[in-house]
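Here are my notes on this entry, set out as numbered points. Please read them with the model open.

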Amino acid sequence: MSAKSTSLLVLANSGRAIAESAHRGGYRVTLIDGFCDQDTLAVADCWPVTQGFSNLDAEIFVKEIASLFPDNPCGVVYGAGLEESTSLLRNLSELFHLFGNDPSVLDLLRRPQRFFSLLDRLQIAYPEVSLTAPYSATESSWLIKRAASCGGQGVAYYSPEYTATDSACYYQRFIPGQVMSMLFIADGKRHHTVGYNMLGIAGSGAPAPFLYSGAIGQAYLCDVVRSQVELAVIKLVSELGLRGINSLDFVHDDAGIFVIDLNPRPTATLDLYEHLLPDGWIKHHIAACCGELPEVPNNAPAVMHGHQIIYAPRNVEIPNKMSWPQWISDRPLAGSRIVEGQPLCSLHAKGANATEVEAELHIHRDEVLRLLGPSIYPSQPCRVAV
């Protein structure tokens, strides 16, 4: 399939933003994700995967996908949620053009020892890592993390009752500082920066401390810090042959930057830059995967954009006649029951600076919870597992 083909299959835990972007680019989209919400159904055919992609039988799943497209083979774009499903991606790549990084990149990232050895060789700084439990750790000084997780689901503060269950788990020293990401697009050799983002929204109500709660785009970074991040990305693109939309998460303090994660696929922050391109970023993601690195439009932050995920504070049933404000996306279908701690919807706001954006998001959050107040029913305990 060429970049001009019109049929596209999208796989992601939550693929609404990718589906909308691809739709803007003129693609006929089939999405397989965990939500199939109202927004998605407006732009794509949608099939739900409620138990996650890692629990699927890869061969059976690919046969079912092939049966959906007997006469019109399509390309595949994958988002978050496929980090542990490299066999599924390899099987799909035998039938369809995979628009994204090679599954070998995901294999590397889910093996902590290999990934951090790579960072050492490339002289890219990262917070101290240990593969054995740091028994002398003080409270909140270390994290326990699971490689190949997404959205902060596999991250928690370390305490002695937590132990690594397999080789994908590791321990990392916690570094206080501003957590940020750099969104970029690459063609396997070169990259262009899309934007820098401040990750996390204070008081977001996320049920676990490191769950992705939102971001504010077009963030400012001084030239010294920016050059450190750019150099790290140049090295990783060259070494791994990164293609398409990717992002690099990092924390920075007075000592410089420390890389936290590489996300080798379109991330949630892409949504913060869709207003820059009438035909959407996924069209450009596909072109970059085909070796055509597009120019990035000027994104000088005259207006900053932010979004926030609302996690259900209790079990919620969506009313049949729910009137959703325009600044809400990922709108659940009427009658849906959202379990406490699970994503409920996403809010969007813009402003002249990060303070204005965050304040507007807080106002929106309060309004949504007031709208849904009558539908809250007694909750069940919810645990977020590492």
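1. Start with the open sheet. In this predicted model, 4 strands form it, in the order β3-β2-β1-β4. The pairing is parallel. β3 (44–48) and β4 (75–78) stand at the edges. Each has a single partner strand, so one side of each lacks a neighbour in the sheet. From one strand to the next, the twist averages 20°.

2. Now take one pair within that sheet. Strand β1 covers residues 7–11 and strand β2 residues 28–33. They run parallel and pair over 5 bridges. To find the register, look at L8, which stands opposite V29 in β2. In a regular strand, side chains alternate between the two faces of the sheet.

3. A salt bridge joins residues of two strands in the sheet. The side chains of D45 and R28 meet at 3.3 Å, N to O. D45 is in strand β3 and R28 in strand β2, 17 residues apart. Are these two residues buried or exposed? D45 has a relative accessible area of 38%, so it counts as partly exposed. R28 reaches 52% and therefore counts as exposed. The cut-off for exposed is over 50%.

4. Helix α8 deserves a look. This helix spans residues 281–289, and 8 of its 9 residues are buried. It is therefore largely enclosed by the rest of the structure. The buried residues are W281, I282, H284, H285, I286, A287, A288 and C289. What covers them? The cover includes β1 and β4, along with α1 (16–24). It also includes β9 (178–187), β10 (191–199) and β12 (243–253). After α8 comes G291, with a positive phi near 95°.

5. Strand β8 (residues 169–173) is mostly covered, with 4 of its 5 residues buried. It pairs in the antiparallel sense with strand β5 (residues 129–130), over 2 bridges. Here S130 has Y171 as its bridge partner in β8. Strand β6 (residues 142–146) also runs antiparallel to β8, and 5 bridges join the two. In that pairing, R146 is matched with C169 of β8.

6. On salt bridges, the structure holds 16. One of them joins the side chains of D330 and R16, at 2.8 Å, N to O. D330 lies in the loop between β16 (328–329) and β17 (337–338), while R16 is in helix α1, so the pair ties together parts that are 314 residues apart in sequence. Both ends are worth checking for burial. D330 has 13% relative accessibility and so counts as buried. R16 is buried too, with a relative accessible area of 4%. The cut-off for buried is under 20%.

7. A further salt bridge links R111 and D107 through their side chains, at 3.8 Å, N to O. R111 counts as partly exposed because its relative accessibility is 37%. D107 counts as buried, at 12%. Elsewhere, salt bridges that share partners join R16, E20, D271 and D330 into one network. When you inspect the contact between R16 and D330, show E20 and D271 as well, since the network holds them too.

Definitions and conventions. Residues numbered from 1 in each chain as written. Predicted model: local features only at pLDDT ≥ 70, side-chain atom pairs only at ≥ 80, totals over all residues. Heavy atoms only, no water. Pairing = 2+ DSSP bridges. Axes fitted to C-alpha atoms, helices over the stretch in contact; angles between N-to-C directions. Buried < 20%, exposed > 50% of the residue type's maximum accessible area, 1.4 Å probe, protein only. Contact = heavy atoms within 4.5 Å. Salt bridge = Lys/Arg side-chain N within 4 Å of Asp/Glu carboxyl O.
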